[in-house]
Amino acid sequence: MPSTPNESSEGFRPGTIAKGKRKRVLSGMRPTGPLHIGHYFGALQNWLKMQEEYDCFFFVADWHALTTHYADTSLVAENTREVAIDWLSVGLDPAKATIFIQSQVPDHAELHLLLSMVTPLSWLERVPTYKEQIEQLRDKDLGTYGFLGYPLLQSADIVIYDADFVPVGEDQVPHVELTREIVRRFNAAYGPVNWKKARARALAVLEKQLGIESAGGDVKSETAHQRVEAAMHALTLDHRLSLLANAKVPMVEVLREPQAMLTETPRLPGTDGRRMAKSYGNAIWLSENTDSIRAKVRNMMTDPQRVRRTDPGRPEVCPVFAYHKLFSDAATAAEIDRDCRTAAIGCVDCKAKMADALVRWIEPIQQRRCDFEAHPQRVWDILDDGSVRARKAARRTMKRVREAIFSWERARGGAAGPTRATKKATTGN
Ligand code: TRP
Ligand code: SF4
């Protein structure tokens with residue numbers, strides 16, 4: 001890969017992860033449809049807080065959408081714009097966070113490929129979402145290479161930015177765990193500062209383990225040497241890694257191990273009381289017009305035991321009350337809580353109050369949405385600009401990764417390798 005003048009002028013230090021002042025956060029969403037208020041309280045609210053404190057990278061995972069929607073890609077681009085508008089409308093700020101599109105940083109794909117070389121198939125097959133989704137989405141034929149690699153592509157997304165934290169929902173934690181395992185394996189494989197020395201040391205350890213007698217000094221019988229080499233060759237990568245660890249070979253951290261950041265989220269049920277999900281038809285969209293929101297609220301499920309107006313209710317089991325807690329002020333929520341239990345308020349009035357509060361909350365979001373919808377080019381500009389920034393960071397990591405794997409610089413006699421002079425001196429041997 002030719003490097004830009006800018007990159008080569010930085011000089012090359014193998015295996016160093018740049019330490020910024022702020023910790024890095026990375027997260028993504030698949031562009032499979034508009035976002036609902038459950039997404040807001042489950043993820044976006046947390047992203048908004050994080051953009052103030054961390055160096056945040058948020059991206060639309062269009063390649064991930066492809067892993068399940070490859071047969072119909074007609075909505076991916078549109079949904080990408082919609083998701084971006086949802087993000088910007090709730091207040092994600094391109095001046096604070098890097099907001100971008102995955103496929104505009106093709107370096108993710110290169111890292112995915114390189115990670116795939118050290119990733120055992122069994123690790124991917126045992127990811128819980130894999131078999132589950134294949135079962136759930138039977139109509140989609142997910143017996144593809146791309147779908148199996150879904151979590152590995154996610155690993156590449158994360159580590160290409162040296163992310164410290166990955167805010168995700170519980171379902172995604174196994175993907176971050178897999179990422180950590182892959183990073184450990186990758187670092188163990190490509191972390192040794194000097195492979196030749198590492199190999200020599202590992203061979204020495206192996207020799208001891210095999211109990212091969214050296215013939216004294218450095219001279220070993222050829223067959224003994226061959227036996228050690230053969231044994232080394234026969235080792236699985238995992239054995240080789242523990243051998244390197246035993247040999248106390250100097251190692252560098254090529255990739256950073258990320259940590260999942262589980263969000264403490266208030267549970268926001270759908271309008272029918274179940275988990276809010278597009279497929280249940282129980283969602284309220286961030287982009288939904290207010291008449292439609294009010295109609296949905298009127299039809300919301302309430303405490304099923306409150307049949308007559310005079311029956312006392314149980315706010316703790318009522319989804320309408322769960323919404324009051326989020327959208328109404330604390331005093332109103334306390335009042336509703338009391339009046340529901342004594343049947344002082346009826347469900348119709350209670351819902352109307354809640355709808356007012358919800359609409360008040362959502363109006364400024366929709367105002368911003370209106371602005372972006374009127375100027376879609378602004379949205380694309382923000383995504384393009386963020387993608388350029390993201391790409392710079394990604395390319396820095398890739399340079400380090402390529403060097404760790406191939407030692408190109410060393411071979412070319414660059415800063416990290418032997419100088420021309422020493423090379424000359426050794427060619428005579
Ligand atoms: N798999 C995530 C989801 O379905 C989306 C995603 C892709 C992601 N790459 C990521 C999330 C990297 C966090 C980090 O929600
Ligand atoms: Fe739910 Fe409100 Fe009816 Fe109580 S009064 S059951 S909180 S809708």
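Begin by selecting Gly346, which in this predicted model sits in the loop between α16 and α17, the latter spanning residues 347–374. Gly346 has a relative accessibility of 4%, and because buried means under 20%, Gly346 counts as buried. Keep Gly346 selected and add Arg309, which is 37 residues away along the chain, although the C-alpha atoms of the two are separated by 5.9 Å.

Next, go to the loop on the other side of α16. Ser328 is found in the loop between α15, residues 319–327, and α16, residues 330–341. Is Ser328 buried or exposed? With a relative accessibility of 13%, Ser328 counts as buried. If you show the side chains here, you can follow a polar contact of 2.8 Å that joins Ser328 to His324.

Now move to the strands, and select β2, which covers residues 55–60. Five of the six residues of β2 are buried, so this strand is largely enclosed by the rest of the structure. Adding β1, residues 24–29, shows a parallel pairing, in which six bridges join β1 to β2. Two pairs of residues can be picked out along this pairing: Val25 has Cys56 of β2 as its bridge partner, while Met29 stands opposite Val60, again in β2. Strand β1 is mostly covered as well, with five of its six residues buried.

With both strands still on display, add helix α2, residues 37–53, and you have the three parts of a β-α-β unit, made by β1, α2 and β2, which is right-handed. Then turn to strand β3, residues 97–101, which runs parallel to β2 and is joined to it by five bridges. To locate this second pairing in the viewer, select Phe57 together with Thr98, its bridge partner in β3.

The last stop is ligand 1, for which it helps to show the surrounding side chains. Which residues come nearest to ligand 1? Of the 14 residues around ligand 1, the nearest are Arg30, Tyr150, Gln154, Asp157 and Gln172. Select Tyr150 from this group, and you will find an N or O atom of its side chain 2.7 Å from a nitrogen atom of ligand 1. For Asp157, an N or O atom in the side chain is likewise 2.7 Å from a nitrogen atom of the ligand, and for Gln154 a polar side-chain atom lies 3.0 Å from a nitrogen atom of ligand 1. Switching to a surface display is useful at this point, as the protein covers 89% of the 370 Å² of accessible area that ligand 1 has on its own.

To see where this cover belongs in the fold, colour β1, α9 (residues 150–159) and β4 (residues 165–168), which are the elements that give two or more residues to the shell around ligand 1. Helix α9 gives the most, contributing four residues to that shell. Finally, colour the shell by residue class, where you will find seven nonpolar, five polar and two charged residues around ligand 1.

Key. Residues numbered from 1 in each chain as written. Chains lettered and ligands numbered in written order. Predicted model: local features only at pLDDT ≥ 70, side-chain atom pairs only at ≥ 80, totals over all residues. Heavy atoms only, no water. Buried < 20%, exposed > 50% of the residue type's maximum accessible area, 1.4 Å probe, protein only. Pairing = 2+ DSSP bridges. Right-handed = clockwise from strand over helix to strand, strands pointing away. Near = heavy atom within 4 Å. Polar contact = N/O pair within 3.5 Å; in protein donor to acceptor, adjacent residues only side chain to side chain. Areas by Shrake-Rupley, 256 points an atom, 1.4 Å probe, with all protein chains shown as cover. Nonpolar A, V, L, I, M, F, W, Y, C, P; charged D, E, K, R; others polar.
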